[in-house]
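Subject: Structure for your review

Dear colleague,

Please find the structure below, together with its sequence. A summary of what was found in it follows.

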Amino acid sequence: ILGHHDHLSIDSATLAHVTRLHLNGRKKATAKQVEAIYEPYGKWKNLVYWFESWIHWDTARSMIAAL
């Protein structure tokens, strides 16, 4: 994401994250759905995704809890 916060890198991990967090695991996310979810964040959408993904990552949660 270095300097390219406006472009989402959509791969299997991105799809799994969106499926779990935004679609409650009901159905597998598509690239089009991912784009639609993060589009409101404009030029910052990839950064928003990255932070959201990091906060919901188990290791990050345990680090935050330890603080």
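Which residue does the side chain of Glu39 meet in a salt bridge? The partner is Lys45, with an N to O distance of 3.0 Å. Please note that the model is a predicted one, and that the values in this message were computed from it.

Salt bridges

The structure holds 2 salt bridges. Besides the pair just described, the side chain of Lys45 meets that of Glu35, here at 3.5 Å from N to O. This second pair links distant parts of the chain, since Lys45 belongs to helix α3 (residues 45-56) and Glu35 to helix α2, with the two positions 10 residues apart in sequence numbering. Taken together, Glu35, Glu39 and Lys45 form a network of salt bridges.

The three members of the network may also be described by their accessibility. Lys45 has a relative accessibility of 9% and therefore counts as buried, the cut-off for that class being under 20%. Glu35, at 29%, counts as partly exposed. Glu39 is likewise classed as partly exposed, because its relative accessibility is 42%.

Nonpolar core

The largest nonpolar core comprises 8 residues, namely Leu8, Leu15, Val18, Leu23, Ala29, Val34, Tyr38 and Tyr49. Helices α1 (12-21) and α2 (31-38) each supply at least two residues of this core. As general background, nonpolar side chains tend to be buried together in soluble globular proteins.

Within the core, Ala29 may be worth viewing in detail. Neighbours within four places in sequence aside, Ala29 is in contact with Leu15, Val18, Thr19, Leu23 and Val34.

Surroundings of Thr19

Is Thr19, a residue of helix α1, buried or exposed? Its relative accessibility is 13%, so Thr19 counts as buried. A polar atom of the Thr19 side chain lies 2.8 Å from the backbone oxygen of Leu15. With neighbours within four places in sequence again left aside, the contacts of Thr19 are Asn24, Gly25, Lys27, Lys28 and Ala29. Leu15 and Ala29, which both appear in this description of Thr19, are also members of the nonpolar core listed above.

Yours sincerely

Methods:
Residues are numbered from 1 along each chain as its sequence is written. This is a predicted model: local features need pLDDT of at least 70, side-chain atom pairs count only at pLDDT 80 or more; totals for chains, interfaces and linings use all residues. Side-chain values use heavy atoms; hydrogens and water are left out. A nonpolar core is a set of buried Ala, Val, Leu, Ile, Met, Phe, Trp, Tyr and Cys residues joined through side-chain atoms within 4.5 Å. Buried means under 20% relative accessible area, exposed over 50%, partly exposed in between (1.4 Å probe, protein chains only). Helices (H or I, at least four residues) and strands (E, at least two) are DSSP runs, numbered from the N terminus. Contact means heavy atoms within 4.5 Å. A salt bridge is a side-chain nitrogen of Lys or Arg within 4 Å of a carboxyl oxygen of Asp or Glu. A polar contact is a pair of N or O atoms within 3.5 Å; within protein, one must be able to donate a hydrogen and the other to accept it, and residues adjacent in sequence count only if both atoms are side-chain atoms.
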